[in-house]
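Here are my notes on the strand pairing and helix packing, set out as numbered points. Please read them alongside the coordinates.

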Amino acid sequence: MRETKEFSDSDGVELVKMARNVVTEFLRNGSKIDDETFDSKFGFSSGVFITLNKQDSLRGCIGYPLPVKKLSKGLVDAAISAATRDTRFSPVTADELDKIVFEVTVLTPPIEIKVKQPSEYLTEIKVGRDGLIVENAFASGLLLPQVPIEYNWNVEEFLEHTCQKAGLEKNAWKYMTTKISKFEGVIFKEEDPNGKIIRESSNDFL
């Protein structure tokens with residue numbers, strides 16, 4: 001995968017516009033966009049998440065934490081899923097599109113954090129830079145790097161909420177049977193629905 005720092009602002013504009021176009025086409029016509037130029041440019045494997053926000057509230061968020069798909073294909077599938085298959089919400093309707101802000105997060109591959117004791121996680125994780133994946137047995141949960149910033153969490157709170165996202169006890173990060181991985185990302189988003197597309201990276205949060 002390309003390093004996230006190599007994504008230009010114009011790349012971000014293309015990614016976010018494509019996410020919006022994909023959802024618009026799917027909701028209005030029931031068809032999936034297939035753009036050869038886009039596929040060629042973003043035809044490398046990468047994790048990606050699509051986040052939809054409506055009036056500062058989450059409206060849908062789905063993606064691929066691992067680089068199991070080409071970015072171009074993963075973005076298309078994640079955008080449709082975020083709009084129509086996030087079980088926490090009713091499917092987005094075409095009438096809502098002008099009220100929704102689209103956000104694309106491109107991920108680096110997750111790296112397991114190796115520690116001798118759980119307290120070391122508190123110094124190995126940096127809020128604003130890292131996203132987290134928590135796994136224990138068959139349970140897993142992921143939170144993107146921007147989430148703890150939005151809620152003003154510290155590292156311990158970030159760990160607790162990621163555990164809860166996995167359906168685990170909030171202190172499950174302290175169990176040596178729990179696997180915790182971190183990843184980084186670059187975020188591109190609309191300032192307003194259909195508005196200017198801006199770049200947010202870890203440096204923007206620090």
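1. Strand β5, residues 131-136, is joined to β6 by five bridges, and the two strands run antiparallel. Within this pair, Glu135 is found opposite Ser140 of β6. The model is a predicted one, and the points below should be read with that in mind.

2. The β5 and β6 strands belong to an open sheet of four strands, whose order is β4-β7-β5-β6 and whose pairing is antiparallel. Its edges are formed by β4 (111-112) and β6 (139-143), each of which pairs on one side only. Helix α6, spanning residues 155-165, packs on this sheet and touches β5, β6 and β7 (179-183), with a direction that makes about 130° with that of β6.

3. A further open sheet has five strands in the order β2-β1-β3-β8-β9, again with antiparallel pairing. Here the edge strands are β2 (57-64) and β9 (197-200), and each pairs on one side only. From one strand to the next, the twist averages 20°.

4. At the β9 edge of the five-stranded sheet, strand β8 (residues 185-190) is joined to β9 by four bridges, the two strands running antiparallel. Phe188 stands opposite Arg199, a residue of β9.

5. Which strands does α1 lie across? Helix α1 lies across β1 (47-54), β3 (100-107), β8 and β9, and runs at about 125° to β3. Helix α3, for its part, lies across β1, β2 and β3, running at about 145° to β2. Strands β1 and β3 are thus named in the contacts of both helices.

6. The two helices also pack on one another: α1 (residues 9-29) and α3 (residues 71-84) make an angle of about 50°, and their axes lie 9 Å apart. That angle makes α1 oblique to α3, because it falls neither under 35 degrees nor within 65 to 115. The crossing in which α1 passes α3 is right-handed.

7. What kinds of residue make up the contact of α1 with α3: nonpolar, polar or charged? On the α1 side are Leu15, Met18, Ala19, Val22, Val23, Phe26 and Leu27, which meet Leu71, Leu75, Val76, Ala79, Ile80, Ala83 and Thr84 of α3. The residues of this contact divide into 13 nonpolar, one polar and no charged. The polar one is Thr84 in α3.

How values were computed. Residues numbered from 1 in each chain as written. Predicted model: local features only at pLDDT ≥ 70, side-chain atom pairs only at ≥ 80, totals over all residues. Heavy atoms only, no water. Axes fitted to C-alpha atoms, helices over the stretch in contact; angles between N-to-C directions. Parallel < 35°, antiparallel > 145°, perpendicular 65-115°, else oblique. Left-handed = near helix turned anticlockwise from the far one by under 90°. Contact = heavy atoms within 4.5 Å. Pairing = 2+ DSSP bridges.
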